[in-house]
Amino acid sequence: MATGVGGGAALASVVGVAFTPGDGTAFVTHAASHSVGRVTAGGSYTKNFAGLDGTGTYLDHGTGSSARFDRPIGICHDPTSATLLVADRDNNVFRRLDPASTAVTTAFGQQPVAQHSNAPLTFQ
């Protein structure tokens with residue numbers, strides 16, 4: 001797990017950021033690293049909070065660094081479930097990340113989906 005504090009934190013290829021309400025924690029998507037990082041209000045940084053560098057693939061129901069993304073490009077907080085939704089670009093799905101348990105599941109879409117598919121997204 002890559003970590004750092006303040007100026008020692010190495011953020012790379014960040015393309016999305018979301019804040020959880022209340023505690024000021026930020027979550028960032030690293031497209032090239034295929035992972036989601038966490039930055040606490042105190043400045044502590046965990047690069048592979050979910051996902052793992054260099055392992056762009058698909059795996060549903062993974063946790064922490066055993067979860068797999070393929071170029072996550074966006075992230076937002078879902079206030080109805082206290083989870084995060086991650087746009088997993090090259091898997092053509094939206095993933096749900098639980099910050100408390102680091103569990104990752106597919107929320108929308110179906111992987112694999114052929115490129116340029118007109119299949120509708122369904123909520124799971």
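Here are a few notes on this predicted model, meant for someone opening it for the first time.

1. Start with the overall layout. The protein chain has ten strands and zero helices, so to speak a plain run of β elements: read along the sequence, the pattern is β-β-β-β-β-β-β-β-β-β. Of its 124 residues, 40% are buried. The chain exposes about 6200 Å², and carbon and sulfur atoms supply 56% of that area. As for how far contacts reach along the sequence, take those between residues at least 6 apart: 32% of them join residues at least 24 apart.

2. Next, have a look at the end of the strand order. Strand β9 (residues 93-97) runs antiparallel to β10, with four bridges joining the two. L97 has V104 as its bridge partner in β10. The two strands form a hairpin with five residues between them, and T102 in the turn has a positive phi of about 65°.

3. Strand β10 (residues 103-108) has another partner too: two bridges join it to strand β6 (residues 62-63), again antiparallel. Here T63 stands opposite A103.

4. Now the inside. The largest nonpolar core has twelve residues: A18, F27, V36, F49, A50, A67, F69, I75, L84, V86, L97 and V104. Strands β5 (44-51) and β8 (83-88) each supply at least two residues of this core. The bridge partners L97 and V104 are both on the core list, which ties the hairpin from point 2 to the interior.

5. A67 is a handy core member to click on. Setting aside neighbours within four places in sequence, A67 is in contact with G51, L52, G62 and V104.

6. H34 is worth a visit as well. You'll find H34 in the loop between β3 (26-30) and β4 (35-39). Is H34 buried or exposed? It is buried, with a relative accessible area of 10%. Not counting residues up to four places away in sequence, H34 touches G51, L52, G54, T55, G56, F69, D70, R71 and P72. One of these, F69, belongs to the nonpolar core, and G51 and L52 also appear among the contacts of A67.

7. On to the charged side chains. Side chains of opposite charge can pair when their charged atoms come close. How many salt bridges are there? The count comes to five. The next points go through some of them.

8. D88 and R95 meet in a salt bridge, 3.0 Å from N to O. Both ends are hidden: D88 counts as buried because its relative accessibility is 1%, under the 20% cut-off, and R95 is buried at 0%.

9. K47 and D53 form a salt bridge too, with the closest N and O atoms 3.5 Å apart. The two ends fall into separate classes here, as K47 is buried at 11% relative accessible area, whereas D53 is partly exposed at 34%.

10. R89 pairs with D90, the closest N and O atoms being 2.7 Å apart. R89 is partly exposed, with a relative accessible area of 43%, and D90 is likewise partly exposed, at 34%. This pair doesn't stand alone: R71, R89 and D90 are linked in a network of salt bridges. R71 has come up already, as one of the residues that H34 touches.

Note on methods: Residues are numbered from 1 along each chain as its sequence is written. This is a predicted model: local features need pLDDT of at least 70, side-chain atom pairs count only at pLDDT 80 or more; totals for chains, interfaces and linings use all residues. Side-chain values use heavy atoms; hydrogens and water are left out. A salt bridge is a side-chain nitrogen of Lys or Arg within 4 Å of a carboxyl oxygen of Asp or Glu. Buried means under 20% relative accessible area, exposed over 50%, partly exposed in between (1.4 Å probe, protein chains only). A nonpolar core is a set of buried Ala, Val, Leu, Ile, Met, Phe, Trp, Tyr and Cys residues joined through side-chain atoms within 4.5 Å. Contact means heavy atoms within 4.5 Å. Accessible areas come from the Shrake-Rupley method with a 1.4 Å probe; for residues, only the protein chains shown count as cover. Two strands pair if DSSP finds at least two bridges between them.
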